[in-house]
Amino acid sequence: MLELAILGFLADGPLHGYQLRHRIAHLSGHARPVSDGSLYPAISRLVSAGLLDRRTEPGSSAAQRHTLSLTDAGRCELLRRLRDANGLDISDSTRYFTILAFLSHLPETADQHAVLRRRLEFLEQPASFFHDGDRPLGVEDTADPYRRGMLTIARATSRAEKSWLREVLV
């Protein structure tokens, strides 16, 4: 997802590495901060693959700055990753939100809706954090107040998201 976020933010326009890191950090939230040790190797991989251009410019102090921009191949790769989002990209909320953040880059509404339909299909499956054998447990099935809280929040979030998806997919 880090590479997708890099491609997605650069689809909006060129950025310096530190600007990109801050945007990714805001997207992923405090729970999953992006470290330089993961960001810069990912950028290097994308540059080596021809998906990004890196241009060196003089900095405001003595240090040089690197401006990153998306290549045509990078834009094609971004669109492919968005269009083909499936599996964990759909079921994991953090990964899905990264997809959702850049979904408007897909030019075809049909492709956007196909991704949203996969998410809706996933959300409509019975699920829970807790199970009795193979049976998912709901709020009414547990006395633990904290587990009830988790399940209540998850149910409300799921209902809101399903409502939004149905509205968008009309």
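**Exercise 1.** Determine whether Asp-53 is buried, exposed or partly exposed, and list what Asp-53 touches.

*Solution.* Step 1: The relative accessibility of Asp-53 is 43%. Step 2: Buried means under 20% relative accessible area, exposed over 50%, and partly exposed in between, with a 1.4 Å probe and protein chains only. Asp-53 therefore counts as partly exposed. Step 3: The residue sits in strand β2, residues 52-58; helices (H or I, at least four residues) and strands (E, at least two) are DSSP runs, numbered from the N terminus. Step 4: Contact means heavy atoms within 4.5 Å. Not counting residues up to four places away in sequence, Asp-53 touches Thr-67, Leu-68, Ser-69 and Thr-71. Step 5: For Asp-53 and Thr-71, 18 residues apart along the chain, the C-alpha separation is 6.3 Å.

The model is predicted: local features need pLDDT of at least 70, side-chain atom pairs count only at pLDDT 80 or more, and totals for chains, interfaces and linings use all residues. Residues are numbered from 1 along each chain as its sequence is written, and side-chain values use heavy atoms, with hydrogens and water left out.

**Exercise 2.** Place Thr-67 in its element and state its burial and contacts.

*Solution.* Step 1: Thr-67 belongs to strand β3. Step 2: Its relative accessibility is 6%, so Thr-67 counts as buried. Step 3: Apart from residues up to four places away in sequence, Thr-67 touches Pro-14, Leu-15, His-16, Asp-53, Arg-54, Arg-55 and Glu-57. Step 4: Thr-67 and Arg-80 are 13 residues apart in sequence, and their C-alpha atoms are 24 Å apart in space.

**Exercise 3.** Which residues of the largest nonpolar core touch the most other members, and which element gives the most to this core?

*Solution.* Step 1: A nonpolar core is a set of buried Ala, Val, Leu, Ile, Met, Phe, Trp, Tyr and Cys residues joined through side-chain atoms within 4.5 Å. Step 2: The largest such core has 34 residues, and Ile-6, Leu-10, Leu-20, Ile-24 and Leu-52 touch the most other members. Step 3: Two or more residues each come from α1 (2-11), α2 (17-28), α3 (36-48), β3 (64-70), α4 (72-83), α6 (93-102) and α7 (109-123). Step 4: The element that gives the most is α1, with 7 residues. Step 5: Taking Ile-6 and leaving out residues up to four places away in sequence, the residues touched are Leu-20, Ile-24, Leu-39, Ala-42, Ile-43, Leu-46 and Leu-52.

**Exercise 4.** Describe the surroundings of Leu-82.

*Solution.* Step 1: Leu-82 lies in helix α4. Step 2: With 0% relative accessibility, Leu-82 counts as buried. Step 3: Beyond its neighbours within four places in sequence, Leu-82 is in contact with Leu-4, Ile-99, Phe-102, Leu-103, His-105, Leu-106 and Val-115. Step 4: Val-115 is 33 residues from Leu-82 along the chain, with a C-alpha separation of 7.9 Å.

**Exercise 5.** Work out the burial and contacts of Arg-119 and of His-113.

*Solution.* Step 1: Helix α7 holds Arg-119 and also His-113. Step 2: Arg-119 counts as buried because its relative accessibility is 2%. His-113, with a relative accessible area of 17%, is buried. Step 3: Neighbours within four places aside, Arg-119 is in contact with Ile-90, Ser-91, Ser-93, Tyr-96, Glu-161 and Leu-165. On the same basis, His-113 is in contact with Val-168 and Leu-169. Step 4: The C-alpha atoms of Arg-119 and Pro-136 are separated by 19 Å, at 17 residues apart along the chain.

**Exercise 6.** Summarise the protein chain as a whole: its elements, its extent and its burial.

*Solution.* Step 1: The chain contains 8 helices and 5 strands, in the order α-β-α-α-β-β-α-α-α-α-β-β-α from the N terminus on. Step 2: Its C-alpha trace spans about 60 × 35 × 25 Å along the principal axes. Step 3: The radius of gyration is taken over C-alpha atoms, and the globule rule is 2.2 Å times the number of residues to the power 0.38. The chain has 19 Å, whereas a compact globule of 170 residues would have a value near 15 Å. Step 4: Of the 170 residues, 35% count as buried. Step 5: Among contacts with a separation of 6 or more, 52% are between residues 24 or more positions apart.
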